[in-house]
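Student: I am new to this structure and would like a close look at a single part of it. Please start at the surface and then take me inside.

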Amino acid sequence: MWFVQLRYQFRVYPTPGQQIALAKAFGCARVVFNDGLRARRTAHEQGLPYVSDAELSRRVITRAKATPERAWLGVAG
């Protein structure tokens with residue numbers, strides 16, 4: 001069996017409005033990733049069981065939106 005791997009390169013030129021939207025999206029992703037990483041590290045350091053993806057989703061996203069510090073995660077646009 002032969003497998004052919006193709007690779008494409010694309011360059012995007014976002015408008016100023018799209019640049020702002022992308023910066024917000026990537027900023028949110030960075031904050032959520034760091035919060036999840038912190039939750040798993042803390043659990044590991046305290047000898048607690050591994051934090052599953054589902055639990056991380058509940059803790060880091062769902063519950064975080066209800067806190068004043070992370071309420072902006074639930075704001076669209």
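**From an exposed residue to a buried one**

Tutor: V4 is exposed, since its relative accessible area is 68% and the cut-off for calling a residue exposed is over 50%. Keep in mind that this is a predicted model. Along the chain, V4 belongs to the segment before α1. On the surface, V4 is part of a nonpolar patch that also takes in L6, Y8 and F10. Together these residues have about 580 Å² of accessible area.

Another exposed residue, P68, has a relative accessible area of 72%. P68 lies in the segment after α2, the helix that covers 53-65. From P68 to R7 there are 61 residues in sequence, and the C-alpha to C-alpha distance between the two is 44 Å.

Now the inside. D35 sits in helix α1, which runs over residues 16-45. The relative accessible area of D35 is 13%, and buried means under 20%, so D35 counts as buried. What does D35 touch, not counting residues up to four places away in sequence? The residues are V60 and R70. With R70 there is also a polar contact, which joins the side chain of D35 to that of R70 at 2.9 Å.

To put the two ends of this look side by side: V4 is exposed in the segment before α1, whereas D35 is buried and has its place in α1 itself.

Technical notes. Residues are numbered from 1 along each chain as its sequence is written. This is a predicted model: local features need pLDDT of at least 70, side-chain atom pairs count only at pLDDT 80 or more; totals for chains, interfaces and linings use all residues. Side-chain values use heavy atoms; hydrogens and water are left out. Helices (H or I, at least four residues) and strands (E, at least two) are DSSP runs, numbered from the N terminus. Buried means under 20% relative accessible area, exposed over 50%, partly exposed in between (1.4 Å probe, protein chains only). A polar contact is a pair of N or O atoms within 3.5 Å; within protein, one must be able to donate a hydrogen and the other to accept it, and residues adjacent in sequence count only if both atoms are side-chain atoms. Contact means heavy atoms within 4.5 Å. Patches are made of residues with over 30% relative accessible area and no salt bridge: like charges are joined within 9 Å, nonpolar side chains (Val, Leu, Ile, Met, Phe, Trp, Tyr) within 5 Å. Accessible areas come from the Shrake-Rupley method with a 1.4 Å probe; for residues, only the protein chains shown count as cover. A salt bridge is a side-chain nitrogen of Lys or Arg within 4 Å of a carboxyl oxygen of Asp or Glu.
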